[in-house]
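Please work through the following exercises with the sequence and the 3D structure open beside you. Each exercise sets a task and then gives a solution in steps.

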Amino acid sequence: MSFTLIGKHEKDSRANRDGYVTAMLELMEADPKVAHVDCDLMNCINTGKLLKAFPERTFNAGIAESNAIGVAAGLASTGLNVWAHSFGCFSSRRVFDQAFLSVGYSELPVHILGSDPGVTAAFNGATHMPFEDMGLYLNIPNFVVVDSADFAQTYSLTKKLTACGQPSYMRLIRKGFTTVYADGSEFEIGKGYLLKDGTDVTLIASGIEVDEALKAAELLDAKGISARVIDMPTWKPLDEEIILKAAKETGAIVSCENHQVMTGLGAQISYLLAKKLPTPQEFIGIQNRFGQVGPQDFLMKEYNLLAEDIVAAAEKAIARK
């Protein structure tokens with residue numbers, strides 16, 4: 001397990017979806033049991049490359065997402081290791097019963113991919129803006145649940161999830177994204193990553209909020225506040241050890257997520273702390289609201305997901321010590 005932090009807050013010229021596609025091309029080349037099912041979104045996710053290279057193991061189920069998960073489960077029951085993709089709203093809300101019963105309850109190696117999570121759906125608008133997708137999958141007992149941050153993390157975790165032997169859900173930014181890690185960085189399921197040490201407060205983030213947390217730490221440093229930053233790509237299983245250590249050593253927590261706070265990463269953290277180490281915690285994320293249409297920058301400001309919002313939450317958490 002090793003990673004290199006870029007820390008420049010710069011947009012990557014690549015599409016993040018290609019972190020998944022690149023990993024899958026390598027996986028499908030190496031293992032004839034790896035397959036992919038899509039829901040008429042191959043142009044959106046660039047999985048046409050998989051269809052061209054491996055037509056016998058790449059399937060388009062059409063705009064019939066619930067059926068697609070049934071197809072993926074059926075393929076997995078024959079011994080295949082299957083990924084299934086649609087937009088995050090459809091890969092969660094629309095297919096939840098099939099994911100719960102056909103995949104989770106049946107203990108099949110199906111890995112569900114949800115693209116355009118939360119505010120990254122942008123101009124696709126409210127109906128396509130999943131703020132609750134991860135929370136739904138946290139309810140399925142044997143699912144691994146992941147929120148990837150950038151190309152390198154998507155690439156690495158695609159491979160780790162494929163090999164994990166459990167069903168999983170991973171959400172990913174489809175197009176533009178801020179580079180956090182250098183290519184070649186490696187990540188493990190169930191691990192959080194210390195990106196910056198600090199003594200006054202801990203910022204625990206995932207996905208698009210990782211870079212915002214790093215920016216917030218810089219702003220806090222300028223105010224004389226020492227902020228620890230942890231990337232938590234895996235929401236389940238949760239890295240309890242790194243969270244409890246941070247809570248003990250800094251005494252204040254801010255969770256940062258592109259998701260409903262009541263059912264997501266912040267809720268997972270607060271449940272752990274309530275049981276084992278009660279600690280002041282503030283929550284950055286969607287506060288029980290629906291999505292809307294707009295550019296991502298506007299939406300991040302609208303839903304208080306920016307570094308400045310994290311700074312304010314950190315100061316509030318510190319004041320509650």
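The exercises below deal with a sheet, its strands, two buried residues and the empty spaces of a predicted model.

**Exercise 1. Describe the open sheet of 5 strands: give the order of its strands and find which of them stand at the edges.**

Solution. Begin with the order, which reads β7-β9-β8-β11-β12, and note that the pairing in this open sheet is mixed. Next, look at the two ends of that order: β7 (193-196) and β12 (281-286) each have a single partner strand, so one side of each is left without a neighbour in the sheet. Finally, consider how the strands are turned, since neighbouring strands of this sheet make an angle of 25° with each other on average when direction is ignored.

**Exercise 2. Work out how β9 is joined to β8 and to β7, and state the direction of each pairing.**

Solution. It helps to recall a general point before starting: strands of a sheet pair through backbone hydrogen bonds, and they do so either parallel or antiparallel. Take strand β8 (residues 201-205) to begin with, which runs parallel to strand β9 (residues 227-231) and is joined to it by 5 bridges. Two pairs of residues let you trace this pairing in the model: Val201 stands opposite Ala227 in β9, and Leu203 stands opposite Val229 in β9. Then turn to β7, which is joined to β9 by 3 bridges and runs antiparallel to it; here Tyr193 is the residue that stands opposite Asp231 in β9. As a last step, follow the chain between the parallel strands, where β8, α9 and β9 make a right-handed β-α-β unit.

**Exercise 3. Decide whether the two faces of β9 are covered or uncovered.**

Solution. In a regular strand the side chains alternate between the two faces of the sheet, so each face has to be examined separately. On one side of β9 lie Ala227, Val229 and Asp231, and on the other lie Arg228 and Ile230. A residue counts as buried when its relative accessible area is under 20%, and the residues on both sides of β9 are all buried, which leaves both faces covered. The count agrees with this reading, for 5 of the 5 residues of β9 are buried.

**Exercise 4. Examine β12: name the strand it pairs with, and say how many of its residues are buried.**

Solution. First find the pairing, in which strand β11 (residues 253-260) and β12 lie in the parallel sense over 5 bridges. One of the bridges can be located by its residues, because a bridge partner is known for Ile253, namely Gln281 in β12. Then follow the chain from one strand to the other, and you will find that β11, helix α11 (residues 265-276) and β12 make a right-handed β-α-β unit. Lastly, count the buried residues: 5 of the 6 residues of β12 are buried, so this strand is largely enclosed by the rest of the structure.

**Exercise 5. Place Arg171 and Gln153 in their elements, and decide whether each is buried or exposed.**

Solution. Arg171 lies in strand β6 (residues 168-172), and because its relative accessibility is 0%, Arg171 counts as buried. Arg171 and Met134 are 37 residues apart in sequence, while their C-alpha atoms are 7.9 Å apart in space. Gln153 belongs to helix α8 (residues 151-163), and Gln153 too is buried, with a relative accessible area of 0%. Between the C-alpha atoms of Gln153 and Tyr20, which are 133 residues apart along the chain, the separation is 9.4 Å.

**Exercise 6. Describe the largest cavity and the largest pocket by volume and by lining.**

Solution. Start with the largest cavity, which has a volume of about 40 Å³. Its lining includes Cys39, Glu65 and His85, and α4 (65-77), β3 (81-87) and α5 (90-94) each supply at least two residues of that lining. Sorted by class, the lining of the largest cavity has 6 nonpolar, 3 polar and 1 charged residues.

Continue with the largest pocket, whose volume is about 230 Å³. Of the 17 residues that line this pocket, the closest to its centre are Lys11, Thr178, Asp211, Glu212 and Met300, and the elements that give two or more residues to the lining are α9 (209-222) and α12 (296-302). By class, the lining of the largest pocket divides into 7 nonpolar, 5 polar and 5 charged residues.

Technical notes
Residues numbered from 1 in each chain as written. Predicted model: local features only at pLDDT ≥ 70, side-chain atom pairs only at ≥ 80, totals over all residues. Heavy atoms only, no water. Pairing = 2+ DSSP bridges. Helix = DSSP H or I, 4+ residues; strand = E, 2+ residues; numbered from the N terminus. Axes fitted to C-alpha atoms, helices over the stretch in contact; angles between N-to-C directions. Buried < 20%, exposed > 50% of the residue type's maximum accessible area, 1.4 Å probe, protein only. Right-handed = clockwise from strand over helix to strand, strands pointing away. 1 Å grid on protein atoms, 1.4 Å probe; cavity = no way out; pocket = protein on both sides within 12 Å on 5 of 7 lines; lining within 4 Å. Points joined across faces, edges and corners; volume = space filled by probe spheres on them. Nonpolar A, V, L, I, M, F, W, Y, C, P; charged D, E, K, R; others polar.
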